[in-house]
Amino acid sequence: MPSTALPKPPMPSQPPLPLIAALARHRVFRHLPAALQRTLGTERQPLHCAAGQHIASGPALQRQLFWVLQGEVLLQDGEGHPLLTLTADELFGLDAGNALLVSAAVAATECQLVVWNERELQTLLREAPALAFFLPPLPAGARPAPAPAPAGDPALNLMTTPVRALIRRPPITLAPQTPIREAAQLMRAQRVSSVLITEQDHLFGLITDRDLRNRVVAAGLDTERPIADIATLAPMTIDVQNPAFDALLLMARHNIHHVPVLDGERIAGMITATDLTEQHSTSAVYLVGDIHKQTTIEGLQSIAAKTARLQQNLAAAEASAYSTGHIVTAVTDAITTRLLQMGEARLGPAPVDYVWVAAGSQARNEQTARSDQDNCLVIDDAYDESLHGAYFRDLARFVCDGLDACGYVYCPGEMMAMTDAWRQPRRQWLSYFERWTGQPEPKALMLTCVFFDLRAVSGHSGLLDGLRREVLQRTQGNTLFLAHMVGNALQHQPPLGVFKGLSTIRSGEHKGTIDLKHAGLVPIVDLARVYALAGGNPAVNTYDRLMGAAAGGAISEQSARDLRDALEFLAFVRIQHQARQSAAGVRPDNFLNPDELSNFERTQLKDAFTVVHSLQSVLAQRYRF
């Protein structure tokens, strides 16, 4: 896999102290062998943090060791309250702050840090066992071993960890009639930020510390009133068996920080954003929270600008491409939803039902920080152009203009809801798909590729669900249409030379590079789309479509696994490439110079392209005219 090294940080306003000298004089690191001190001092890249920048939180704070070289670092509890300020030469991380219930670290001033992860700490402890005297114990399972353990993907852990594993304590519940003051006292005594409200052992609602601030203190409400008066009723819930990643996306998409957990009908507990096990992923929850607070386009622009940094954090943590795509797309969905809310506040409520629909990579939950717009509007069949046309035209223009201002540039092919053709009632959309599947000429195939990948973002999702079912019924078993789709898909070939070596772009601005998107990812996306159309699979995400293709027998389990691995590797390389560009102040793109990769990584890249080429050939044989 690509290197785990952090991207080079921007230069600080003050140069850091010579690291070799700092290691030699430090009360702990001076115990390292001199040769290792020289190696670390020469090769280790200090991390620069601006004042106010989030450094680490949750388990990521507990599983790394941080050394403050310069500046000050503020340690906070789970509610963001300050606990302790650290200065130069202090260490934090691992379980050192457990007694204080340290939950996060933030740069109090501009600072320089050195960071060691578990694997690196294992190496240090093998080289200098005396360090164990000065450092807190490594987390369970991370203590020195004969060989370093492979780096894991914390965001992938969220997908394999059930929600049940995140529940830290039995549910704290109160009856709806409980006075607000009594609830606040219980929350203080139990040191929790929320309480579940139950009636006859069924979930009734919940209250949080934010409710106490905003709905009680700020509003001057009588604290003897019942908590039912300030509760969020019928809150969103999650089942104990769901993956923790589902909880992350639920919080991010709906701007919530507390989710009750159910085991069937029984209340099992509560999880919060700070319970999730990947600090960079959970930051998406807070980013989305900020999005929903904005009331101007300028405010949304400032939040959207942080998406590139979020992707850099995920890349530095080596989060999987699958996880990164879902997290980055959740931010786009939140910005889109907020723009729709702002549009309706300006224009008034919609005259008839509609659903705002994402297309392309946003629909597939595969976005990166560099994305343009692909969207459309499906409107209820009660739509009347003469009565309602102006409203939806203005709403679509407001949202698309807002997305462009936030960095999601206009689609070059104008496949956006602000284009009249892509803002239509449901009956017209069905007519489009009937024509495209019945007369698969080149433009129709191109439009099918864009608009078959659709996902509801906001509004009445049933308008889209029924439409997709009808379209799948038309494509399943339609061999003529599928043959044309395969021919269209084969226009994107992986960049392999005559002898299966890597073939780079030969001329122009991107000479000597590989287009990771169009020559690498798009061929896999196209294959997965054909499998879904042929099998009537409603999945939209490419990874999920490949799993469905194997389950339905369209391809073997091994082939599906090979394609999923190729997809993950190519997308991962692309994300790391873009993160390096962002860190260097360069606008991210999809063009990778193979010289940036190690020999091992280039071999993996070639193997991934070979897998794609082989399965393209199989599909071409299956759907020959």
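The paragraphs below walk through a predicted model of a single chain, beginning with its confidence and moving on to its sheets, helices and selected residues.

The chain averages a pLDDT of 84, and 89% of the residues score at least 70. Over residues 1-16, however, the pLDDT is below 50, although this stretch has 38 contacts in the model beyond its near neighbours in sequence. A further stretch, residues 140-156, also stays under 50 in pLDDT, and here the model has 35 contacts beyond four places in sequence. Where pLDDT is low, the predicted coordinates should not be read in detail.

A convenient place to enter the fold is an open sheet of four strands, arranged in the order β18-β17-β16-β19 with mixed pairing. Because β18 (423-425) and β19 (454-459) stand at the edges and have a single partner strand each, one side of each is left without a neighbour in the sheet. From one strand to the next, the twist averages 30°. Within this sheet, strand β17 (residues 375-379) pairs with β18 in the parallel sense over three bridges, and L377 stands opposite R423 in β18. Helix α12 (residues 321-347) packs on the sheet, where it touches β16 (354-359) and β19, and the direction of the helix makes about 40° with that of β19.

Another set of paired strands involves β10, β11 and β12. Strand β10 (residues 194-199) and strand β11 (residues 202-208) pair in the antiparallel sense over six bridges, with L206 in β11 as the bridge partner of L196. The hairpin formed by β10 and β11 has two residues between the strands, and in this hairpin Q200 takes a positive phi near 55°. Strand β11 also pairs with β12 (residues 232-233), again in the antiparallel sense, over two bridges, and the bridge partner of G205 in β12 is L233.

Turning to the helices, T307 lies in α11, which spans residues 307-316. With a relative accessible area of 6%, T307 falls under the 20% cut-off and therefore counts as buried. The side chain of T307 reaches the backbone oxygen of A304 at 3.0 Å, while the contacts of T307, leaving aside neighbours within four places in sequence, are with V328, V331, A369 and Y408. Of these partners, V328 and V331 carry numbers that fall in the range of α12.

Helix α16 (residues 442-451) is mostly covered, since seven of its ten residues are buried; among them are A444, L445, L447 and F451. At the start of α16, a side-chain oxygen of E441 reaches to within 3.0 Å of the backbone nitrogen of K443. C449 is also one of the buried residues of α16, and its relative accessibility is 14%. C406 likewise counts as buried, at 9% relative accessibility. A search of the whole structure finds zero disulfides.

Finally, R63 is placed in the loop between α3 (58-62) and β3 (65-70). At 33% relative accessibility, R63 counts as partly exposed. R63 and L121 are 58 residues apart in sequence, and their C-alpha atoms are 9.8 Å apart in space.

Note on methods:
Residues numbered from 1 in each chain as written. Predicted model: local features only at pLDDT ≥ 70, side-chain atom pairs only at ≥ 80, totals over all residues. Heavy atoms only, no water. pLDDT = per-residue confidence, 0-100. Contact = heavy atoms within 4.5 Å. Pairing = 2+ DSSP bridges. Axes fitted to C-alpha atoms, helices over the stretch in contact; angles between N-to-C directions. Disulfide = S-S within 2.5 Å. Buried < 20%, exposed > 50% of the residue type's maximum accessible area, 1.4 Å probe, protein only. Polar contact = N/O pair within 3.5 Å; in protein donor to acceptor, adjacent residues only side chain to side chain.
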